[in-house]
Amino acid sequence: MATIIDRPTAEIQAQPAVLELAILPLREGALFPKAVLPLTLGRPGHIELLLRLGEGAQIGIIAQKDPRNDNPGPADLHDIGTVGHIHRILRVGPDHILAFCEGIVRFRVVEFTSAQAPLRARVELLEDKEPSPSEDLRHLRDHLVETVQQVIAATPDLPDDLQVTVSNIAPLGQLADFVSAMLPGLSFPERQTLLADLEVVARLRRVNELALRELERVQLRRKIHLEAHGALSQAQREFFLREQLRAIRKELGEGEESQKDIEELRNRVESAGMPPEVKAEAAKELNRLSALTPISPEYGVTRNYLEWMVSLPWATSTGTEVDVNHAAKILDEDHHDLERVKNRILDFLAVLQLRPSSKGPIVCFTGAPGVGKTSLGKSIARALGRKFVRISLGGMHDEAEIRGHRRTYIGALPGQIIHGLRRAGAKDPVFMLDELDKMSRDFHGDPASALLEVLDPEQNFSFRDNYLDVPFDLSKVLFITTANQLDTVPDALRDRMEVIELQGYTEQEKVAIAIRYLIPRQTTENGLDEATAVRFSEESLRYIIQRYTREAGVRNLERAIGTVCRKQAREVAAGNRNTVDAGRELIEKFLGPPKFRTELEVGERTRRPGVAVGLAWTPVGGDVLFVEAGRMPGGSKGLIMTGQLGAVMQESIQAALTWVRAQSPQFGIDPEVFKQSDIHVHVPSGAIPKDGPSAGATVAMALVSALTGRRVNSDYAMTGEITLTGLILPVGGIKEKILAAKRSGIRHVIVPQENEPNVKEDLKSEQLGDVQIHFVRSMEEVVALALLPAGQ
């Protein structure tokens, strides 16, 4: 803040109206006439300028428009500044000086005589013209002086003798400058505006408004301070009164409520069945709690900790003895087919039946959405007679969600594992960790790493939550995890789990599931009964499956059945209580036009040369993939690949093109075509990313078709990785791909020879239906099977 002086300045009388001065740009603030402002300078050019001028010299001081500008020019400075008299220059370090400058008079820049540092300018001096005395001006001055005196009295940083100073200043312009310089709450732009205001009365009125604002600010700050001090005093008063009340109750022999709570907690600790180490920690916290007063912040934290300790199932079990035959019956009741999955589950349960103390593996169900992963976990819990707990790991990115927060944090709580056990009320529930593949990580930690201790049978017998800070035995918990795919699951975590893959359902299986489970459930949930229910035939269910759902599971199928039931419920609510048959016409009325086409789509897409039908695996099951190839004469780009293809798939396309070029004489393709044409390979549905090597055979087939002009048989779909020599290598997801081909009405599927065991193991003859599988070893066999003769 500037220091105000109140004495005549002889230099003013000797100054001409226009003079030339060296200019010192000021980053922030303003120097007012009759004020002394300490300036800390660190820019080398400014330090050199002041040292060259020396003490006793005069300099023009102007504020910058942008304080961030380190090298301001004439255009970067305001027009109005102040002539400053340099009183003292002090070194305050190797790179800074402190200069005390006294403001003499305002000036306006006429022109800059030097636009480079150090700046120089011709300036016109601007003297204040005092207005004629009037009653209004006298009242305005008195009001301003009174307001400023109140601000000084309420501001500890301002000396009290300023109240006398401000009352003794007679010139109105000088009074306005004095207040502008000393008010602590003014911003730098506001000070510059006041400096640039040459009309004394307008400046005085503006300063009066700013002084009133500053008075309101300091009064509000004082009010807040007094309220806070009063609240503290009230808290101290309540503390002493409570202590007195406690002593009175003690003399009367009356027990305090807090003591009753502590005794209740002590009894619950004794009956909780805690291990010795845990019980000792709880007793220690109880003794600490009994020494605290209820109003202490530590009392609530300790009480909450003990409530968690006594509410956990340290010794409570709910499970019955394992009966494999009973478990098999329940699994058959709840789930259709899934024989391989059921057998593996029953194997695990058989070991638990023979050796209850064994550390069973952590089971991970993986498969597309809607194939029954979560419902299998519920069935296992029902078969074992245990409680079922489920938490979703999707989107979890904080390690504390698993291990909990330490009690040093405000609002700390245990992690989701301890929360789940408390909800279950037993130490041996079936605990499902859903969406394992959808966890993330950030600066809070990696929850997948925290799960390593939870899911490792060699460690989880002494799981230590950060909040509890005592070991809890998780070895009796049957953990089941679920994931749509394992690519995003860390290897260390995957190594601790026994993976059971749930593959997609066939159309026949979906029909059976719908009749057995989905239709009865949706009929009940939508308020229908036998007299008003919708009757679904197998044919109508197949129509819904083929034309309205294209998925590995049955989630969308149940959603479509539910929509039909809701439409029927609306008819019943309107007074039409007749049962209806779900024929094709009714289905299209309730569900709208079909969303998918089957045989017609494949036939239309492959009626021109250059299009082959491939098969792809997706997280929601298999799907049909069309690969298109075209030739453009006279091009210069070589091979063009489009369709949002990944790096592996692009390499597979290049390998396929290399094989086609090498075998071009065999197919009657002119080798010059590759030099004179661009080859374009496109995979439609460009908004969907695609990757993987399994489309290699399909791409080669599309290229051969495009370059020979011969169509690919629309009844054939294929999958397999291709090598430069034309070998067809095995790929994954065979069951899902074959089922996708069947859903699309394709009758012939070409599969690598080495995938034959997968077909025989994963697919039954009734699942294949009329689909014929062709096992091949080379690309020549694929061409011989799928490429039609010329003219067809």
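Here are five short exercises on this structure, each with a worked solution.

The model is predicted, so local features need pLDDT of at least 70 and side-chain atom pairs count only at pLDDT 80 or more, while totals for chains, interfaces and linings use all residues. Residues are numbered from 1 along each chain as its sequence is written, and side-chain values use heavy atoms, with hydrogens and water left out.

**Exercise 1. Two helices with a buried side**

Task: Find which residues of helix H21 and of helix H2 are buried, and which exposed residues lie on the face turned away.

Solution:
- Step 1. Start with the terms. Helices (H or I, at least four residues) and strands (E, at least two) are DSSP runs, numbered from the N terminus. Buried means under 20% relative accessible area, exposed means over 50%, and partly exposed lies in between (1.4 Å probe, protein chains only).
- Step 2. In H21 (residues 584-591), the buried residues are Leu 586, Ile 587, Phe 590 and Leu 591. These residues are on the same side of H21 because they cover an arc of only 110° around the axis. The arc is that of the directions from the helix axis to the C-beta atoms.
- Step 3. Turn to the face of H21 away from the buried side: there you meet the exposed residues Arg 584, Glu 585 and Lys 589.
- Step 4. Repeat this for H2 (residues 44-53), where His 46, Ile 47, Leu 49 and Leu 50 are buried. Their arc is only 160° around the axis, so they too sit on the same side of H2. The face turned away carries the exposed residues Pro 44, Glu 48 and Arg 52.
- Step 5. Here is a handy rule: an α-helix has 3.6 residues a turn, so residues three or four places apart point the same way.

**Exercise 2. Around Tyr 305**

Task: Describe the aromatic pair of Tyr 305 and Tyr 467, then find the charge that sits over the ring of Tyr 305.

Solution:
- Step 1. Rings of Phe, Tyr and Trp (its six-membered ring) pair if their centres lie within 6.5 Å; planes under 30 degrees apart count as stacked, over 60 as edge-to-face and the rest as tilted. The structure holds five such aromatic pairs.
- Step 2. For Tyr 305 and Tyr 467, the centres are 5.8 Å apart and the angle between the planes is 55°, a tilted pair.
- Step 3. Now place the partners. Tyr 305 is in helix H10 (residues 297-311), while Tyr 467 is in the loop between strand S11 (463-464) and strand S12 (471-472), so the pair links distant parts of the chain, 162 residues apart.
- Step 4. Check the accessibility: Tyr 305 is buried at 0% relative accessible area, and Tyr 467 is buried at 3%.
- Step 5. A charge sits over a ring if NZ of Lys or CZ of Arg is within 6 Å of the ring centre and within 35 degrees of the ring normal. The charged end of Arg 407 sits over the ring of Tyr 305, 3.8 Å from its centre. Likewise, the charged end of Arg 422 sits over the ring of Trp 308, 4.0 Å from its centre.

**Exercise 3. Backbone angles**

Task: Find where Asp 469 and Gln 644, each with a positive phi, lie, and locate the cis peptide bond that leads to Pro 118.

Solution:
- Step 1. Most residues other than glycine have a negative phi, and most peptide bonds are trans.
- Step 2. Asp 469 has a phi near 60°. Asp 469 lies in the loop between S11 and S12 and is partly exposed at 43% relative accessibility.
- Step 3. Gln 644 has a phi of about 55°. Its place is the loop between strand S19 (639-642) and helix H23 (647-662), and Gln 644 is partly exposed at 42% relative accessibility.
- Step 4. The cis peptide bond runs from Ala 117 to Pro 118, with omega near -5°. Pro 118 is in the loop between S6 and strand S7 (120-126).

**Exercise 4. Sequence and space**

Task: Give the separation in sequence and in space for Glu 102 and Val 83, and for Val 554 and Asp 428.

Solution:
- Step 1. Glu 102 is in strand S6 (residues 96-114) and is buried at 2% relative accessible area.
- Step 2. Glu 102 and Val 83 are 19 residues apart in sequence and 8.3 Å apart in space, C-alpha to C-alpha.
- Step 3. Val 554 is in the loop between helix H19 (538-548) and H20, and is buried at 10% relative accessibility.
- Step 4. Val 554 and Asp 428 are 126 residues apart in sequence and 31 Å apart in space, C-alpha to C-alpha.

**Exercise 5. Sorting a lining**

Task: Sort the lining of the second largest pocket by class.

Solution:
- Step 1. On a 1 Å grid over the protein atoms alone, a pocket is an open set of points where a 1.4 Å probe fits, with protein on both sides within 12 Å along at least five of seven lines; lining residues have an atom within 4 Å of a point.
- Step 2. Ala, Val, Leu, Ile, Met, Phe, Trp, Tyr, Cys and Pro count as nonpolar, Asp, Glu, Lys and Arg as charged, and the others, Gly among them, as polar.
- Step 3. The lining has eight nonpolar, nine polar and ten charged residues, and H13 gives the most, with six residues.
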